[in-house]
Amino acid sequence: MEIAIQLYLNSYKKINPELTDEELEFVKPTISILKLKKKQILIHENEIQDSIAFIYSGLIRSYFINENGKEINNAFFSENEFVTDYLSFIKQQKTKYTFECLEDCTLISIPFETVETAYDKYKNFANFGRKIAEWALENRTKKYESFLYETAEERYLRFIDENKSILNRISLSHLASYLGIERQSLSRIRSRILSQM
C-alpha cells in the first residue's frame with residue numbers, strides 16, 4: 001500500500017506545493033489504511049470524526065435523514081478526494097451526516113491529533129488547512145446557491161459537467177436525492193435532454 005500512501009502525500013502537495021518532505025514525513029507514521037466493503041458505514045450520524053480519510057479507490061455518499069425519515073444525499077466523494085464533514089471534523093463536534101460506501105473502498109486516514117499538531121508545528125500545514133477550509137466553504141456555497149438560482153435541469157447538467165468520472169457509478173435514486181428532485185422527475189429531465197441531442 002506504499003503507492004496509496006504516496007498518492008495521499010502527493011495530494012497534500014497539490015493543495016499546498018510549499019509543504020516540505022520533512023513536514024510530510026511528520027504525518028507519515030500516523031497514517032492508516034482502511035478497507036471497507038460496499039454499504040459499510042465510514043461515519044455514522046452523531047459521531048465525532050476522529051480522523052480524516054482520503055479515498056484511494058471507491059465511492060462514498062454523505063446523507064442525512066429529513067423530518068419525514070427520508071435519506072437526502074448531500075455529497076459524493078471519489079478517488080483522490082478527502083471525505084469529511086469538515087466543520088464537524090475541525091470543531092470535533094458530532095456530525096449530522098452518515099457516510100456510506102457505494103463501492104468497496106480503500107481509504108488512507110490520519111487522526112485529528114496529527115492534523116492539529118501539524119497545524120501548530122508547521123506554517124505550511126496551517127496554510128494547507130486554510131486552503132481545505134476554503135474548498136469546503138466554496139463547495140457548500142455552490143450547492144446552496146444552486147438550489148436558490150438554478151432549475152433542477154440546470155443542476156443536473158452542471159452535475160454531469162463536473163462529475164463525469166462518477167456519473168455512471170451513482171444510481172438514479174441517489175442522484176435524484178442529491179439534486180433535490182424525485183426519481184421520476186430526473187428520468188423526465190434525462191429523456192428531454194436525450195431527445196434534444
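**Strands and their partners**

In this model, four strands make an open sheet, lined up as β2-β7-β4-β5, with antiparallel pairing. At the edges sit β2 (41-43) and β5 (71-77), each of which pairs on one side only. Going from one strand to the next, the twist averages 30°. Keep in mind that this is a predicted model, not an experimental one.

Here's how the pairings break down.

**The open sheet**

- In the strand order, β4 sits between β7 and β5.
- β4 covers residues 60-65, and six bridges tie it to β5 in the antiparallel sense.
- If you want a spot to look at in this pairing, try Y63, which stands opposite N73 in β5.
- As for β5 (71-77), it is an edge strand, so to speak, with pairing on one side only.

**Strand β8 and its neighbours**

- β8 takes in residues 105-111 and is mostly covered, with six of its seven residues buried.
- β1 (residues 32-36) runs antiparallel to β8, and five bridges join the two.
- β3 (residues 51-57) also runs antiparallel to β8, this time with six bridges.

**S109, a handy landmark**

- On the β1 side, S32 has S109 of β8 as its bridge partner.
- On the β3 side, A53 stands opposite S109 in β8.
- So to find your way around β8, pick out S109 and look for S32 and A53.

Note on methods: Residues numbered from 1 in each chain as written. Predicted model: local features only at pLDDT ≥ 70, side-chain atom pairs only at ≥ 80, totals over all residues. Heavy atoms only, no water. Pairing = 2+ DSSP bridges. Axes fitted to C-alpha atoms, helices over the stretch in contact; angles between N-to-C directions. Buried < 20%, exposed > 50% of the residue type's maximum accessible area, 1.4 Å probe, protein only.
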